[in-house]
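Q: I have a model open and want to learn how to read its features. Where do I begin?

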Amino acid sequence: MTESVELFCTVITGFEKVAAKEIAQKLPARNVEWSRGNVRFFIDLNLISLTLKLRSVDNLYAVFYENQIEGLQNMSKMEAIVEIQKQISFCNWKLAVEAWQTMNGNKLSGGS
């Protein structure tokens, strides 16, 4: 089974239902959900380039980590930076790089 990636698409406000319908019709997408100004869905990593056919979305982002840090606004600038830096190790960098490589059709060098 191939790995899947969650995509977050921005759309013009008011076109969320149109974009969700287009995604469901044109892609083998799963769990298509929309809210104001965006649509989220899952697609197999090796099929990510099919998203280039979408006409109703403005921007596409691969979601490789999502977390809300509680109390960030109440921290000093340095405390906030340290807290954010701690979260970086939890990111799925392998998935992010694979999604980028698949979408752009080229490989990153090992040191990139």
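A: Begin with one residue. Asn-38 has a relative accessibility of 12%, so it counts as buried, the cut-off being under 20%. Keep in mind that this is a predicted model.

Q: In which element is Asn-38 found?
A: Asn-38 is found in strand 3, which covers residues 38-44.

Q: What does the side chain of Asn-38 have within polar reach?
A: Look for backbone partners too. A polar atom of the Asn-38 side chain lies 3.3 Å from the backbone oxygen of Arg-36.

Q: Which residues does Asn-38 touch, leaving out those up to four places away in sequence?
A: The list is Phe-8, Cys-9, Thr-10, Val-11, Glu-16 and Glu-33. Phe-8, Cys-9 and Thr-10 point us to the next element. Strand 1 spans residues 4-10.

Q: How many residues of strand 1 are buried?
A: Five of the seven are buried, so strand 1 is largely enclosed by the rest of the structure.

Q: How do I read side chains along a strand?
A: In a regular strand the side chains alternate between the two faces of the sheet.

Q: In what sense do strand 1 and strand 3 pair?
A: Their pairing is antiparallel, over seven bridges. For a landmark, find Ser-4, which stands opposite Asp-44 in strand 3.

Q: How many bridges join strand 1 to strand 4?
A: Five bridges join them, and the two strands run antiparallel. Strand 4 holds residues 59-63. Here the landmark is Phe-8, with Tyr-61 of strand 4 opposite. Phe-8 is also one of the residues that Asn-38 touches.

Q: What is in the loop between strand 3 and strand 4?
A: Ser-56 is one residue found there. Do not assume that a loop residue is open to solvent. Ser-56 has a relative accessible area of 16%, so this serine is buried.

Q: Which side chain makes a polar contact with that of Ser-56?
A: The side chain of Glu-22 does, at 2.3 Å. Glu-22 also appears among the residues that Ser-56 touches, with Val-11, Val-18 and Ala-19, once residues up to four places away in sequence are left out. Val-11 is on the contact list of Asn-38 as well.

Q: What does the sign of phi tell me?
A: Most residues other than glycine have a negative phi, and most peptide bonds are trans. Now check Asn-31. Asn-31 is not a glycine, yet its phi is positive, about 55°.

Q: Where is Asn-31 placed, and is Asn-31 buried or exposed?
A: Asn-31 sits in strand 2, residues 30-35. Its relative accessible area is 55%, so Asn-31 is exposed.

Q: What about Gln-101 in helix 3?
A: Helix 3 runs over residues 93-104. Gln-101 has 14% relative accessibility and so counts as buried. Setting aside neighbours within four places in sequence, Gln-101 is in contact with Asn-106, Lys-107 and Leu-108.

Q: In what order do the elements run from the N terminus?
A: The order is β-α-β-β-β-α-α. That gives three helices and four strands.

Q: Which numbers describe the whole chain?
A: Start with burial: 29% of the 112 residues are buried. Next comes contact range. Of contacts between residues at least 6 apart in sequence, 64% join residues at least 24 apart. The C-alpha atoms fill a box of roughly 45 × 40 × 25 Å along the principal axes.

Q: And the surface and charges?
A: About 7,800 Å² is exposed, and carbon and sulfur atoms supply 54% of it. There are 12 positive and 12 negative side chains, with the centres of the two sets 8 Å apart.

How values were computed: Residues numbered from 1 in each chain as written. Predicted model: local features only at pLDDT ≥ 70, side-chain atom pairs only at ≥ 80, totals over all residues. Heavy atoms only, no water. Buried < 20%, exposed > 50% of the residue type's maximum accessible area, 1.4 Å probe, protein only. Polar contact = N/O pair within 3.5 Å; in protein donor to acceptor, adjacent residues only side chain to side chain. Contact = heavy atoms within 4.5 Å. Pairing = 2+ DSSP bridges. Areas by Shrake-Rupley, 256 points an atom, 1.4 Å probe, with all protein chains shown as cover. Lys, Arg positive; Asp, Glu negative; His and termini not counted. Charge placed at Lys NZ, Arg CZ, Asp CG, Glu CD.
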